[in-house]
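Hi everyone, thanks for making time. I've got one structure to walk you through today, so let me put it on the screen.

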Amino acid sequence: MGPGILGKGPHGCLYLSLLGTYKCGVSSAKGSRPADERQSASELDLVLQRHQGLQEKLAEEMLGLARSLKTNTLAAQSVIKKDNQTLSHSLKMADQNLEKLKLESERLEQHAQKSVNWLLWAMLIVVCFVFISMILFIRIMPRLK
C-alpha cells in the first residue's frame, strides 16, 4: 500500500488515513488505469501538503510554548533568587536575635538572683525584728489578772 492508505474499507473502497475519507474505484492492484493513478497521486500530494502544513503549524505552536515556558522559568528563577536572599537575610537576623536573647536572658537571671538574695536578707531581718519585739513586748507588759 502507498503512503496515506491504510486498507480497504466497506465495498472494496480504500481508506485514506490522512484525508479521513474512503475512495471507491481506486484499486491497489497493478492493473489500474493511468488516470486513476494520476488522481490518486494528486490526492496523495494534497494529503502530504496538508500534513506538512499541519506539522509546520504544530512546530510553530511548540516553539511559542517553548518560548513561553522559558519566559515563565526565568521569571520563576528570579522570584526564587529573591526569596533565597530574603530567607538568608531573615536567617541572619534570627541568629543575631537569638544571641541577643541569650545575652539578655543571662543578664536577667543575674539580676533576678541579686534581687532575690537581697529580698531574702531583708525579710529575714524583718522577721527577727518582729520576734525580738514580741519577746520584749511580752516581758514589759504586766499580766492581766
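I'll go through confidence, the overall fold, the record annotations, and then some side-chain detail.

First off, this is a predicted model, so let's talk about confidence before anything else. The protein chain comes out at an average pLDDT of 83, with 76% of the residues scoring at least 70. Where is confidence lowest, and where is it highest? The low end is strand β1, residues 5-8, with a mean of 50, while helix α1, residues 34-140, tops the chain at 93. Right at the start, residues 1-5 have pLDDT below 50, and that stretch makes 10 contacts in the model beyond near neighbours in sequence.

Okay, the fold. We have 3 strands and 1 helix in the protein chain, and going along the sequence you read β-β-β-α. How many of the residues count as buried? Just 7% of the 145 residues in the protein chain. If you take contacts in the protein chain between residues at least 6 apart in sequence, 18% of them join residues at least 24 apart. As for surface, the protein chain exposes about 13,300 Å², and 65% of that comes from carbon and sulfur atoms.

Now, what does the record say? UniProt, in an unreviewed entry, puts a "coiled-coil region" at residues 84-111. In the model that span is 100% helix and 0% strand, and its end C-alpha atoms sit 40 Å apart. The unreviewed entry in UniProt also lists a "transmembrane region" at residues 118-138. Again we get 100% helix and 0% strand over residues 118-138, this time with 31 Å between the end C-alpha atoms.

On to side chains. How many salt bridges does the structure hold? The count is 1. The partners are Arg107 and Glu104, whose closest N and O atoms are 3.1 Å apart. Both belong to helix α1 and are 3 residues apart, so about one turn of the helix. And is Glu104 buried, exposed or in between? Glu104 counts as partly exposed, because its relative accessibility is 41%, and the partly exposed class runs between 20% and 50%.

Last thing: there's a nonpolar patch on the surface. Its members include Val126, Phe129, Val130, Phe131, Ile132 and Met134, and also Ile135, Leu136, Phe137, Ile138, Ile140 and Met141. Together they have about 1,300 Å² of accessible area. Take Val126 as one of them: this residue lies in helix α1, and it counts as partly exposed because its relative accessibility is 47%.

That's my tour, so over to you.

How values were computed: Residues are numbered from 1 along each chain as its sequence is written. This is a predicted model: local features need pLDDT of at least 70, side-chain atom pairs count only at pLDDT 80 or more; totals for chains, interfaces and linings use all residues. Side-chain values use heavy atoms; hydrogens and water are left out. pLDDT is the predictor's confidence in each residue, from 0 to 100. Helices (H or I, at least four residues) and strands (E, at least two) are DSSP runs, numbered from the N terminus. Contact means heavy atoms within 4.5 Å. A salt bridge is a side-chain nitrogen of Lys or Arg within 4 Å of a carboxyl oxygen of Asp or Glu. Buried means under 20% relative accessible area, exposed over 50%, partly exposed in between (1.4 Å probe, protein chains only). UniProt positions are given in the numbering used here, feature names are shortened, and annotations may be inferred rather than shown by experiment. Patches are made of residues with over 30% relative accessible area and no salt bridge: like charges are joined within 9 Å, nonpolar side chains (Val, Leu, Ile, Met, Phe, Trp, Tyr) within 5 Å. Accessible areas come from the Shrake-Rupley method with a 1.4 Å probe; for residues, only the protein chains shown count as cover.
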